[in-house]
Amino acid sequence: MNNNNIKCDIVLTSPPYNVSHHNKSDKYAYRYGKYDDTLTNEEYINKTINLFNQLDKVLNKNGVILYNLSYSVNQPSLYLTTIANIISQTNFELVDTIVWKKTKCLPDNRSKNRLSRIVEFIFVLVRKNEAKSFTSNKQLISTAKSGANNYNPIYNFIEARNNDENTSLNKANYSSELCLKLLNMYGKEGMIIYDPFMGTGTTAIAALKYNCKFIGSEIDEHQVEYANKRMETSS
């Protein structure tokens, strides 16, 4: 999405988590299809910074980035370091963190002290100069005598299934149920939704159900074919 004539209103995505220990023989190294999930942490962070610099060029004014990122047992702090570097090295600021409670947790039962991870996080990022004006679906309820406005609450907690379906093309999907609930918080019909890690088209399915337009990027042509078929079936 490097055409400056193409703009989006929301970026909704779940990037690779870089959890494969920098080892190409790790069973998770290619769980995203053709994407090589064995970068060094420095390479991963630099790649993420470059992504956000590109997103700054295509995101419309007051647009929102909804960035699903979590951690692994072997890389428990990388997601925090990544978000910290986005804030310090790009034009974006973290304005909210949404907790996503999944229906199933990862099988950490072999650890005697690590907790089973039933939640992940969606980081809400906007341009630093738009932190007070970015788009959301909170509605004005009343205005107090003091002049202070009261808005309906939208809580930073979502319960949604892990994924839509299992496929050998991509073993790290999230769910269109989650995406729809995020669009309920920030989306409006007719908006353009962009997913730079489209995978099998989960974000696309949610966008179409919400009567939005969709643009996606994906390096694995097999997943693109799969996603296109999903979209044709859902339309």
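A crossing of two helices is right-handed if the near helix is turned clockwise from the far one by less than a right angle. In the predicted model described here, the crossing of helices α4 and α5 is of this right-handed kind. The contact is made by Thr202, Ala204, Ile205 and Leu208 on the α4 side. Arg230, Met231 and Ser234 contribute from α5. Sorted by class, this contact holds four nonpolar, two polar and one charged residues. The two helices pack at an angle of about 20°, and their axes are 9 Å apart. Angles under 35 degrees count as roughly parallel, and α4 is therefore roughly parallel to α5.

The overall layout of the chain comes next. The chain has five helices and nine strands. Read from the N terminus, its elements follow the order β-α-β-α-β-β-β-β-β-α-β-α-β-α. Of the 235 residues in the chain, 44% are buried. Contacts with a separation of 6 or more were also examined. Residues 24 or more positions apart account for 64% of these contacts.

Seven of the strands form an open sheet. Their order across the sheet is β7-β3-β4-β2-β1-β8-β9, and the pairing is mixed. β7 (157-159) and β9 stand at the edges. Each has a single partner strand, so one side of each lacks a neighbour in the sheet. Neighbouring strands of the sheet are turned by 25° against each other on average, with direction ignored.

Some pairings can be followed residue by residue. β1 and β8 pair in the parallel sense, over two bridges. Isoleucine 10 has isoleucine 193 of β8 as its bridge partner. β8 and β9 also run parallel, and four bridges join them. There, isoleucine 192 stands opposite lysine 213 of β9.

Helix α2 (residues 78-89) lies across three strands, namely β2, β3 (92-101) and β4 (119-127). The helix runs at about 150° to β3. Angles over 145 degrees count as roughly antiparallel, so α2 and β3 are roughly antiparallel by this criterion.

Helix α4 (residues 202-209) deserves a second look. Six of its eight residues are buried, so the helix is largely enclosed by the rest of the structure. The buried residues are Thr202, Thr203, Ala204, Ile205, Ala206 and Ala207. Which elements cover them? The cover includes the strands β1 (8-13), β8 (192-195) and β9 (213-216). It also includes the helices α3 (176-186) and α5 (221-234). Thr202, Ala204 and Ile205 are thus named twice: they are buried, and they take part in the contact with α5. After α4 comes asparagine 211, whose phi is positive, near 60°.

Three strand residues show how surroundings vary within the model. Tyrosine 67 lies in strand β2 (residues 59-69). Is tyrosine 67 buried or exposed? Its relative accessible area is 1%. Buried means under 20%, so tyrosine 67 is buried. Beyond its neighbours within four places in sequence, tyrosine 67 is in contact with Thr13, Pro15, Thr48, Leu51 and Phe52, among others. Its further contacts include Ile83, Phe121, Ile122, Phe123 and Leu125. Leucine 12 is 55 residues away along the chain, yet the C-alpha atoms of tyrosine 67 and leucine 12 are separated by 6.3 Å.

Glutamate 120 belongs to strand β4. This residue is buried too, with a relative accessible area of 10%. What does glutamate 120 contact, leaving aside neighbours within four places in sequence? Its contacts are Tyr17, Asn68, Ser70, Ile98, Val99, Trp100 and Lys102. Cysteine 105 is 15 residues from glutamate 120 in sequence. The distance between the two, C-alpha to C-alpha, is 9.9 Å.

Phenylalanine 157 is in strand β7, which stands at an edge of the sheet. Its relative accessibility is 41%, and it counts as partly exposed. Not counting residues up to four places away in sequence, phenylalanine 157 touches Ile98, Val99 and Lys101. Valine 99 is 58 residues from phenylalanine 157 along the chain, with their C-alpha atoms separated by 4.8 Å. Ile98 and Val99 are also among the contacts of glutamate 120.

Definitions and conventions:
Residues are numbered from 1 along each chain as its sequence is written. This is a predicted model: local features need pLDDT of at least 70, side-chain atom pairs count only at pLDDT 80 or more; totals for chains, interfaces and linings use all residues. Side-chain values use heavy atoms; hydrogens and water are left out. Buried means under 20% relative accessible area, exposed over 50%, partly exposed in between (1.4 Å probe, protein chains only). Contact means heavy atoms within 4.5 Å. Axes are lines fitted to C-alpha atoms, for helices over the stretch in contact, and angles run from 0 to 180 degrees between N-to-C directions. Angles under 35 degrees count as roughly parallel, over 145 as roughly antiparallel, 65 to 115 as roughly perpendicular and the rest as oblique. Ala, Val, Leu, Ile, Met, Phe, Trp, Tyr, Cys and Pro count as nonpolar, Asp, Glu, Lys and Arg as charged, and the others, Gly among them, as polar. Two strands pair if DSSP finds at least two bridges between them.
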